[in-house]
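Colleague: I would like to learn how to read a model like this one. Please take me through it feature by feature.

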Amino acid sequence: MAVILHTSVGIAQPLHFGTSTSESLLVIALGTGAVFSILVAVLSFVAFYQRRTKSYLLIAVAFSTFLGKTSAGAAYLTGWMDAGMHHSFEHSLDVVMMALVLAAVYYASTSEAPRIGTE
């Protein structure tokens with residue numbers, strides 16, 4: 001959901017719902033997002049390394065899309081990416097993440113692993 005901010009010169013600038021107009025808060029949010037994105041990606045690849053199944057690999061790659069979204073935010077903030085490209089890139093990563101999670105669920109459900117409660 002986008003909110004439009006009208007500036008004093010009459011130019012409308014799109015804002016994400018709930019974000020502050022202060023760039024310093026956006027930098028803090030992106031920095032925090034980057035730290036947690038890296039943490040989640042590393043932990044998911046550690047889990048994949050321990051289990052070594054296709055489902056864990058797909059989930060690890062899906063969690064890595066958070067890094068791409070954070071990178072897109074940083075690219076937009078620094079001016080390397082315009083707003084349209086930023087939004088297209090982020091929504092494309094959402095689709096990729098969803099496809100990877102669905103594939104992981106599919107592979108997990110078709111594997112021969114025992115079901116919970118049955119041994």
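**Reading the helices and their contacts**

Modeller: Start just past a helix end: α1 is followed by R52, whose phi is positive, near 55°. Helices here are DSSP runs of H or I with at least four residues, strands are E runs of at least two, and both are numbered from the N terminus. This is a predicted model, so local features need pLDDT of at least 70 and side-chain atom pairs count only at pLDDT 80 or more, while totals for chains, interfaces and linings use all residues. Residues are numbered from 1 along each chain as its sequence is written, and side-chain values use heavy atoms, with hydrogens and water left out.

Colleague: Where does R52 sit, and is R52 buried or exposed?

Modeller: First the scale: buried means under 20% relative accessible area, exposed over 50%, and partly exposed in between, with a 1.4 Å probe and protein chains only. R52 is in the loop between α1 and α2. Its relative accessibility is 55%, so R52 counts as exposed. Note that R52 has its positive phi although it is not a glycine.

Colleague: What is the order of the elements from the N terminus?

Modeller: The order is β-β-α-α-α. That makes three helices and two strands.

Colleague: How do I check the span of a helix such as α1?

Modeller: Take 1.5 Å times one less than the number of residues; that is the expected span. α1 has 29 residues, and 42 Å is expected. From first C-alpha to last, α1 reaches 41 Å, close to that value. For α3, with 28 residues, the expected span is 40 Å. The end C-alpha atoms of α3 are 41 Å apart, which agrees.

Colleague: Which residues of α1 are buried, and what do they pack against?

Modeller: The buried ones are L30, S37, A41 and S44. They pack against α2, residues 54-78. Contact means heavy atoms within 4.5 Å. Look at T70 from the other side: T70 is in helix α2. T70 is buried, at 14% relative accessible area. Leaving out residues up to four places away in sequence, T70 touches L30, G33, A34 and S37.

Colleague: What is the largest nonpolar core made of?

Modeller: A nonpolar core is a set of buried Ala, Val, Leu, Ile, Met, Phe, Trp, Tyr and Cys residues joined through side-chain atoms within 4.5 Å. The largest one here has five residues: L58, A62, M97, L100 and A104. α2 and α3 are the elements that give two or more residues to this core. α3 supplies the largest share, three residues. L100 is in contact with L58, V61 and A62, leaving aside neighbours within four places in sequence. The buried residues of α3 are H86, E90, L93, M97, L100 and A104.

Colleague: How many salt bridges does a search of the whole structure find?

Modeller: Side chains of opposite charge can pair when their charged atoms come close. The cut-off for a salt bridge is a side-chain nitrogen of Lys or Arg within 4 Å of a carboxyl oxygen of Asp or Glu. The search finds one. D94 pairs with K69, and the closest N and O atoms are 2.5 Å apart. D94 lies in helix α3 (residues 83-110) and K69 in helix α2, so the pair ties together parts 25 residues apart in sequence. D94 is partly exposed at 29% relative accessibility. K69 is partly exposed too, at 22%.

Colleague: Which residues make a nonpolar surface patch?

Modeller: Patches use residues with over 30% relative accessible area and no salt bridge; like charges are joined within 9 Å, and nonpolar side chains (Val, Leu, Ile, Met, Phe, Trp, Tyr) within 5 Å. V35, F36, L39 and L43 make a nonpolar patch of about 400 Å². L39 is in helix α1, residues 23-51. L39 is partly exposed, with a relative accessible area of 42%.

Colleague: How much area does the protein expose, and what share of the residues is buried?

Modeller: Accessible areas come from the Shrake-Rupley method with a 1.4 Å probe; for residues, only the protein chains shown count as cover. The protein exposes about 8,800 Å², and carbon and sulfur atoms supply 69% of it. Of its 119 residues, 18% count as buried. Among contacts between residues at least 6 apart in sequence, 49% join residues at least 24 apart.
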